[in-house]
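Student: I am new to this structure and would like to understand the words people use for it. Could we go through them together?

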Amino acid sequence: MRRFVSIWLTTWPTDRWLKRSSDRRAGERPLALAAPGQGGVRLTAVSAEAAAEGLVPGLTVAEARALVPSLLVGDADPLGDAADLRRLALWCRRWTPRVAADGEDGLLLDITGCDHLFGGEGGLVTEIAARLGRAGIGHRLGLAGTPAASWGWARYRPARSSPVLRPEEAMTVLGRLPTDALRLPPGMAVSLGRVGLRLIEDLMRLPRAPLAARFGRELLDRLDRLTGAAADPLAPVEAPESWSARLALAEPISRREDFEEAASRLLADLAESLRAAGRGARSLRLSLFRVDGGLQVLEIGAGRPSRDPRHLLRLFRERFDRIEPGFGVEVLTLEATETNLLPPEQTEAGGDGADTALCELVDRLRTRAGGRAALRLSVCDTHVPERSVALRPYEEDGTLPDDGGEGERPVLLLSPPEPIQGDGTGEAVPEAFYWRGRRYHVGLVEGPERIRSEWWRDRDAVRDYYRVQEIGGRRFWIFRRRGSALDGWFLHGLFA
């Protein structure tokens with residue numbers, strides 16, 4: 001026998017707004033959300049406190065504040081509400097894999113065959129209500145044998161009645177609900193009321209043909225969905241592709257050794273899934289659910305895709321000192337939040353073991369000291385020496401300069417090049433020059449090598465480089481700058 005739970009989120013937009021508000025005292029005042037509409041800015045949703053003051057959606061903000069001067073008004077966000085409703089639906093998959101969004105303010109759970117895992121239907125409803133209550137989400141629940149019946153029971157059942165509608169009493173109890181519980185099109189319930197049909201049982205007693213002739217086939221379709229005579233399809237929310245593992249513990253844990261053992265098991269399970277899919281993890285998130293309802297998250301990243309449990313566990317060990325277990329952790333989940341294709345590797349016949357070891361070292365350095373802890377030299381697309389090499393993240397492609405296409409380069413570059421004063425006239429290399437208060441006599445000269453700056457930076461700047469050796473044996477890299485206000489001779493580097 002099929003069973004469904006309908007969750008009516010009575011104040012979903014305002015609950016979500018309060019969750020995201022930075023004002024801690026916002027929940028102490030009546031709250032309404034508004035958006036531009038016909039005739040001005042109108043209310044689209046109200047909190048329970050605002051509804052108790054007589055406010056309803058559709059009022060203008062001016063009318064609402066005239067009735068409730070202390071009203072707090074926020075901006076409506078229907079797209080954000082829909083996105084978070086989908087996330088809430090995925091969160092509800094802890095009770096059943098079949099969860100669907102039901103309109104803009106509801107969820108529908110197909111709990112067929114799942115309730116015994118939570119102590120029966122009563123225990124399941126109690127747990128759902130408790131978790132939503134701790135999350136600060138206003139709700140009403142209804143459990144019945146069809147989606148339409150659960151929807152109507154959640155919204156129109158008497159205040160003190162049980163959320164669980166027993167199969168043997170379903171038709172009798174549902175018959176006492178107003179026709180609005182059939183989820184009729186706007187205006188149809190009013191039309192039925194004008195002819196004295198205000199309860200569902202009033203419709204059930206009448207012949208079907210006259211009802212269809214006067215009010216259309218949709219009314220009969222709604223009745224059949226309520227009773228189960230017609231199918232009411234359910235479109236479950238599909239979770240995005242994810243790579244995760246879950247470990248539920250019989251007893252809470254709080255020791256570091258236990259966390260390492262639990263993380264090791266999760267990583268082994270996740271690695272098998274990644275290996276079967278030919279993927280590796282770039283970033284992982286370990287979530288620890290505490291007994292007191294708290295949640296702590298540990299995250300790590302890898303420079304290259306990896307599915308090596310040993311290496312990933314070493315990265316997580318750097319984070320275990322941050323764990324605050326409280327009264328203990330009862331559930332752990334591990335999720336690969338970013339993955340990439342990773343072909344099978346072969347390390348027995350040589351492989352790239354040294355390169356892999358270097359990548360693992362880089363990952364450990366970054367986990368300890370931050371993302372900028374491991375950088376590499378990479379070639380830039382320029383001929384200007386001081387801009388030709390830059391420090392970039394290790395995993396980015398880049399190689400050291402290839403000296404085969406250029407002249408000899410010094411082992412030390414000065415940044416920035418330092419001006420020198422030379423003896424001599426004209427554009428020839430000076431016979432001697434002064435640098436940092438000392439005079440150097442030039443013995444040998446090689447050059448020139450002309451290097452021009454990028455046209456979009458220093459269009460007319462040209463440098464003529466020379467390799468010179470003073471009579472004492474020291475070798476320098478000097479240049480004469482042309483075509484700018486900084487014309488003259490400069491020392492740019494020293495050879496070994």
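Student: Why does D292 count as partly exposed?

Tutor: Good place to start, and keep in mind that this is a predicted model. D292 has 43% relative accessibility. Buried means under 20% and exposed means over 50%, so D292, at 43%, counts as partly exposed.

Student: What makes D292 and R290 a salt bridge?

Tutor: Their side chains meet at 3.2 Å, N to O. The cut-off is within 4 Å, so the pair of D292 and R290 qualifies as a salt bridge. In general, side chains of opposite charge can pair when their charged atoms come close.

Student: How many salt bridges does the whole structure have?

Tutor: A search finds 32. Among them is the one between R225 and D232, with the closest N and O atoms 3.4 Å apart. R225 has a relative accessible area of 24%, and D232 has 23% relative accessibility. Buried needs a value under 20%, so R225 and D232 are each called partly exposed.

Student: Which parts does the salt bridge of E260 and R317 tie together?

Tutor: The closest N and O atoms of E260 and R317 are 3.4 Å apart. E260 lies in helix 12 (residues 256–277) and R317 in helix 13 (residues 309–317), so the bridge ties together parts that are 57 residues apart in sequence. R317 is partly exposed, at 33% relative accessible area.

Student: Which residues are joined into one network by salt bridges that share partners?

Tutor: Those are R16, R20, D77, D81, D84 and R87.

Student: Now the rings. Why is the pair of F433 and Y440 called stacked or tilted?

Tutor: The structure holds eleven aromatic pairs. In the pair of F433 and Y440, the ring centres are 5.5 Å apart and the planes are at 25°. Planes under 30 degrees apart count as stacked, so F433 and Y440 are a stacked pair. F433 and Y440 are both buried.

Student: And what makes W435 and Y440 tilted?

Tutor: Their centres are 6.3 Å apart, within the 6.5 Å needed for a pair. Their planes are at 40°, which is neither under 30 nor over 60 degrees, so the pair is tilted. W435 is buried too, as is Y440. Ring pairs link F433, W435, Y440 and F476 into a cluster.

Student: How do you know that the charged end of R463 sits over the ring of F479?

Tutor: The charged end of R463 is 4.8 Å from the ring centre of F479, and the distance cut-off is within 6 Å. R475 likewise lies over the face of F495, at 4.6 Å from the ring centre.

Terms used:
Residues numbered from 1 in each chain as written. Predicted model: local features only at pLDDT ≥ 70, side-chain atom pairs only at ≥ 80, totals over all residues. Heavy atoms only, no water. Phe/Tyr/Trp six-rings, centres within 6.5 Å; stacked < 30°, edge-to-face > 60°. Buried < 20%, exposed > 50% of the residue type's maximum accessible area, 1.4 Å probe, protein only. Lys NZ or Arg CZ within 6 Å of the ring centre and 35° of its normal. Helix = DSSP H or I, 4+ residues; strand = E, 2+ residues; numbered from the N terminus.
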